[in-house]
Amino acid sequence: MENFTYWAPTKYVFGRDTESRVGELAASFGMKKILVVYGGGSAVRSGLLGRVEKYLADAGIEAVSLGGVKPNPEDDLVYKGIDLARAEGVDSMIAVGGGSVIDTAKAIAVGVPYQGDFWDFYSGKAKATTALPVGVVLTIPAAGSEGSGNSVITKREGRIKTGLRTESALRPRFAVLDPVLTFTLPPYQTASGISDMMAHIMERYFSNTPDVEVTDRLCEGLLRAIIEESPKVMANPEDYQARANIMWAGTLAHNGICGCGRQEEWTSHAMEHEISAVYGVTHGAGLAVVFPAWLRFMADRNPGKVAQFARRVFSVEAHDDRAAALEGILALQTFFSDTLNLPVSFAALGIENPDIDLLSDRLHALKGNPTGSYYPLTPADSRMIYQMML
């Protein structure tokens, strides 16, 4: 196990009717004028946006709203939000939605006090140390952005999708987690969120760092719980307890606890980012295609941790590591396809003729050559993995 610092200051307020505490929470963190960021029309149609604005008003807090966040959020709305926040003199942000909304709010939050282009932080030209405070009312359990210091944005020019990781600057001050707000999610969105949170765990789990038994067991327990609760959610979207368990799992998957003491991986996410940047697919659905292919490649090159995953998460009994790994990968892919009804190939994603060379070239231009830590990938390797997705 490696040395680590774990700092997760977000205040989580979990359970039924917790949305009503938004004003109280915002006031407790000294928020006085807030930019409320939301996505499409669902927050408006459901009445959630109006209720949040009322809770803030009741607490004596002024609110300005910015809607229109898209899945795979883009930089144009971030620039608009920065201009609006500066013009209105807001001192903080609240995101009402899922990962795309939270990531957009974070990008605005880090951009407002900065004198340059906010993209400097995402391109690595500047380090993010200061940002407006961010609060969250979560409606989509998936990205885990409600508990992380991370944000992913797509630059429209060049379709560059990349993330910003901070230890503290962008961790939300508070996150309201009410499972009831997830009851009306469409099945595909629920399933994609489950795939995303599982990938967040696996990106940390597949590591060459030895002797991380406690952190490994945290990851395996979370994965097993997600696998157990998912069929309940898919069968009955208003199963409160199943929704609650999935919501909490999504937060724990990405608040850093699963990475303590080890080197993390994140190549599968980077590979999927290129797919969603070029073809506009849902991130979690893309991960359901990428991860089994990445694992199959690893089964022939670094099978040990993949075999452990298969035995501990899917109860595979094969003694040979490669055989165990392949059996576990098949179980994971079957879970994605049969339980979650997600695509597990390019064709099922609606991409009949993917430009594999383009995807590989973009990946290595952004992430270097080689890329990855569990098994460093050359361009030839990444092309092979993309081909496995056909």
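## Glu213 and its surroundings

In this predicted model, Glu213 is partly exposed, because its relative accessible area of 38% falls between the 20% below which a residue counts as buried and the 50% above which a residue counts as exposed. Glu213 belongs to helix α8, and its side chain makes a polar contact with the side chain of Arg312, at 3.2 Å.

Glu213 can also be placed relative to a residue of the sheet, Leu35: the two are 178 residues apart in sequence, and their C-alpha atoms are 43 Å apart in space.

## Strand β4 and its partners

Leu35 leads to strand β4, since Leu35 stands opposite Met93 in that strand. Strand β4 covers residues 92-97, and six of its six residues are buried, so the strand is largely enclosed by the rest of the structure.

Two strands pair with β4. Strand β2 (residues 33-38) pairs with β4 in the parallel sense over five bridges, and strand β5 (residues 134-138) also runs parallel to β4, joined to it by five bridges. Along the pairing with β5, Val96 stands opposite Val137.

## Helix α9

Strand β5 is also among the elements against which the buried residues of helix α9 pack, the others being β1 (11-14), β6 (150-155), β8 (174-177), α7 and α8. The helix is mostly covered, with 12 of its 15 residues buried; among these buried residues are Tyr240, Arg243, Met247, Leu252 and His254.

From its first C-alpha to its last, α9 reaches 22 Å, which is close to the 21 Å expected at 1.5 Å a residue. At the N-terminal end of α9, Asp239 acts as a cap, with a side-chain oxygen that lies 3.3 Å from the backbone nitrogen of Gln241. After the helix comes Gly256, whose phi is positive, near 105°.

## Backbone features in the loops

Most residues other than glycine have a negative phi, and most peptide bonds are trans. Against that background, Asp211 has a positive phi, near 60°, and this residue is found in the loop between α7 (187-205) and α8 (213-235). Asp211 is exposed, because its relative accessible area of 65% is over the 50% cut-off.

Trp266 also has a positive phi, near 75°, and lies in the loop between α9 (240-254) and α10 (267-279). Trp266 is buried, because its relative accessible area of 17% is under the 20% cut-off. A further feature concerns a peptide bond: a cis bond, with omega about 0°, joins Asn369 and Pro370, and Pro370 is found in the loop between α15 (356-367) and α16 (379-388).

## The chain as a whole

The protein chain has 16 helices and eight strands, and its C-alpha trace spans about 65 × 45 × 45 Å along its principal axes. A compact globule of 390 residues would have a radius of gyration near 21 Å, and the 20 Å of this chain therefore agrees with that expectation.

Of the 390 residues, 58% count as buried, while the chain exposes about 15,200 Å², of which carbon and sulfur atoms supply 50%. Among the contacts between residues at least 6 apart in sequence, 78% join residues that are at least 24 apart.

How values were computed: Residues numbered from 1 in each chain as written. Predicted model: local features only at pLDDT ≥ 70, side-chain atom pairs only at ≥ 80, totals over all residues. Heavy atoms only, no water. Helix = DSSP H or I, 4+ residues; strand = E, 2+ residues; numbered from the N terminus. Buried < 20%, exposed > 50% of the residue type's maximum accessible area, 1.4 Å probe, protein only. Pairing = 2+ DSSP bridges. Polar contact = N/O pair within 3.5 Å; in protein donor to acceptor, adjacent residues only side chain to side chain. Expected span 1.5 Å × (residues − 1). Contact = heavy atoms within 4.5 Å. Rg over C-alpha atoms; globule rule 2.2 N^0.38 Å. Areas by Shrake-Rupley, 256 points an atom, 1.4 Å probe, with all protein chains shown as cover.
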